Amino acid sequence: MTDNDTRSQDSPPTGGGESTADLAVEEAPGQAPSPEHLGLSLPDDPHEATSILMRELVESRQETGELLENLQRLAAEFDNFRKRTERDQIENVLRASQRVIESLLPTLDSLDAALSIAPTSEAEQRMIEGMRGTEALLLDALRAEGCERIEALGTPFDPALHEAVQVVPGDGEQVVEQELRKGYTMRGRVIRPSLVVVGHA
């Protein structure tokens, strides 16, 4: 065996010309990056190098704080936008529901007028009972959508809930003496006031 063969067997492979120092750097992923990796050129004087590094640290922290502040502001703006969009969607659904309900109110008025007529025969009585059941079903469906009738008869007159077509002269507290047309609210908001005659208690 020649000396060359001996040296060839004792020497570890270099993997394509990479030095041992290069391999050591690659095998230490937790090692701190060098100033050159950070784009810094530091002088040989340790005091000057420390001053430069401190300045870079302060600027980096300031930059990070500004970025965090901008991020927080954007997050708050997005949250406000999301809430506003949700409110608009709910309001659009409520307006659509209100339009449908308002279109049904004349039907309820017709049922109320028919139910106010006293039956004169057994057939009329059965028909009125059927209409009363239909009205109850319709009112239940409206109630499920947040629509309620205003209970006006005998209650104190409230201009926010009642529209007076006549006021009977007299003394005392004003009360609803007669209800000419039912009023309705939609989720607590009046969509049609009750049409009433106002008397006194």
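**Exercise 1.** Leaving aside its neighbours within four places in sequence, which residues is Leu108 in contact with?

*Solution.* The model is a predicted one, and the contacts below are read from it. Once the neighbours within four places in sequence are left aside, Leu108 is in contact with Glu135, Leu138, Leu139, Leu142, Arg149 and Tyr184. As a next step, place Leu108 in the nonpolar core: among the 13 residues of the largest such core, Leu108 belongs with Ile101, Cys147, Tyr184 and Ile191 to those that touch the most other members. Helix H3, helix H4 and strand E4 each supply at least two residues of this core, and H3 gives the most, with five residues.

**Exercise 2.** Determine how the strands of the open sheet are ordered and paired, and which helix packs on the sheet.

*Solution.* The open sheet has three strands in the order E1-E4-E5, with antiparallel pairing. Its edge strands are E1 (147-150) and E5 (189-192), each of which pairs on one side only. Neighbouring strands are turned by 40° against each other on average, direction ignored. Looking next at one pair, four bridges join E1 to E4 (residues 183-186), and Arg149 stands opposite Tyr184 in E4. Helix H4 (residues 122-144) packs on the sheet by touching E1 and E4, and its direction makes about 120° with that of E1.

**Exercise 3.** Compare the span of H4 with the expected value, then identify its buried residues and what covers them.

*Solution.* At 1.5 Å a residue, the 23 residues of H4 should span 33 Å, and because its end C-alpha atoms are 33 Å apart, the two values agree. The buried residues in H4 include Ile128, Met131, Glu135, Leu139 and Leu142, and what covers the buried residues of this helix includes helix H3 (46-115), E1 and E4. Following H4 comes Gly146, whose phi is positive, near 90°.

**Exercise 4.** Is Arg192 buried or exposed, and which polar contacts does its side chain make?

*Solution.* Begin with the location, which is strand E5. The relative accessible area of Arg192 is 12%, and because buried means under 20%, this residue counts as buried. Its side chain is joined to that of Asp109 by a polar contact of 2.9 Å, and the side chain of Arg192 also reaches the backbone oxygen of Lys182 at 2.6 Å. To complete the surroundings, leave aside the neighbours within four places in sequence: Arg192 is then in contact with Leu105, Asp109, Ile150, Arg181, Lys182, Gly183 and Tyr184.

Methods: Residues are numbered from 1 along each chain as its sequence is written. This is a predicted model: local features need pLDDT of at least 70, side-chain atom pairs count only at pLDDT 80 or more; totals for chains, interfaces and linings use all residues. Side-chain values use heavy atoms; hydrogens and water are left out. Two strands pair if DSSP finds at least two bridges between them. Axes are lines fitted to C-alpha atoms, for helices over the stretch in contact, and angles run from 0 to 180 degrees between N-to-C directions. Contact means heavy atoms within 4.5 Å. The expected span of a helix is 1.5 Å times one less than its number of residues. Buried means under 20% relative accessible area, exposed over 50%, partly exposed in between (1.4 Å probe, protein chains only). A nonpolar core is a set of buried Ala, Val, Leu, Ile, Met, Phe, Trp, Tyr and Cys residues joined through side-chain atoms within 4.5 Å. A polar contact is a pair of N or O atoms within 3.5 Å; within protein, one must be able to donate a hydrogen and the other to accept it, and residues adjacent in sequence count only if both atoms are side-chain atoms.
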